[in-house]
Amino acid sequence: MMLTWDNLLKKIYMCEKVDMKCKLAEKVIPQSVYETYCSFANSKGGDIVLGVEEDKSKSGPSEKISGIHELGAVEFSFSKATGDPRIYGKK
């Protein structure tokens, strides 16, 4: 299900949940994205939000939206690693 921008912001600022993880990913995909992807694939699923720095303190809603500076590179590497041929072409 696709979230609206307002609902996404609300979910981000409610702090991370077990079915949602925030990852910085400004220019590259961090290794932890793939670990989260596998975890979600082996459970009930979830949302990975790229371009948002996760709050590790859990003292309140302090995630910071940084955006993705190299969208094409981030999209390509994630799609290639997860086997999605829509971005990088068929094998």
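Colleague: Which residues of H2 are buried?
Modeller: In this predicted model, the buried residues of helix H2 are Val33, Tyr34, Thr36 and Phe40.

Colleague: And how are they placed around the axis?
Modeller: These buried residues cover an arc of only 160° around the axis, which puts them on the same side of H2.

Colleague: What is exposed on the other side of H2?
Modeller: On that other side, Gln31 and Glu35 are exposed.

Colleague: Back to the buried ones, what do they pack against?
Modeller: The buried residues of H2 pack against strand S1, residues 20-23, against strand S2, residues 47-50, and against H3.

Colleague: Changing topic, how many aromatic pairs are there?
Modeller: The count comes to 2 aromatic pairs. One of them is formed by Tyr34 and Phe78, which are stacked, with 6.1 Å from centre to centre and 20° between the planes. This pair links distant parts of the chain, since Tyr34 lies in helix H2 (residues 31-41) and Phe78 in helix H3 (residues 71-82), 44 residues apart.

Colleague: Why is the pair of Tyr37 and Phe78 called edge-to-face?
Modeller: The ring centres of Tyr37 and Phe78 are 5.5 Å apart and their planes stand at 90°, so this pair is edge-to-face, given that planes over 60 degrees apart count as such. The pair also links distant parts of the chain, with Tyr37 in helix H2 and Phe78 in helix H3, 41 residues apart.

Colleague: Is Tyr37 buried, exposed or partly exposed?
Modeller: Tyr37 is partly exposed, with a relative accessible area of 35%, whereas Tyr34 is among the buried residues of H2.

Colleague: Which residues do the ring pairs link into a cluster?
Modeller: The cluster linked by ring pairs consists of Tyr34, Tyr37 and Phe78.

How values were computed: Residues are numbered from 1 along each chain as its sequence is written. This is a predicted model: local features need pLDDT of at least 70, side-chain atom pairs count only at pLDDT 80 or more; totals for chains, interfaces and linings use all residues. Side-chain values use heavy atoms; hydrogens and water are left out. Rings of Phe, Tyr and Trp (its six-membered ring) pair if their centres lie within 6.5 Å; planes under 30 degrees apart count as stacked, over 60 as edge-to-face and the rest as tilted. Helices (H or I, at least four residues) and strands (E, at least two) are DSSP runs, numbered from the N terminus. Buried means under 20% relative accessible area, exposed over 50%, partly exposed in between (1.4 Å probe, protein chains only). The arc is that of the directions from the helix axis to the C-beta atoms. Contact means heavy atoms within 4.5 Å.
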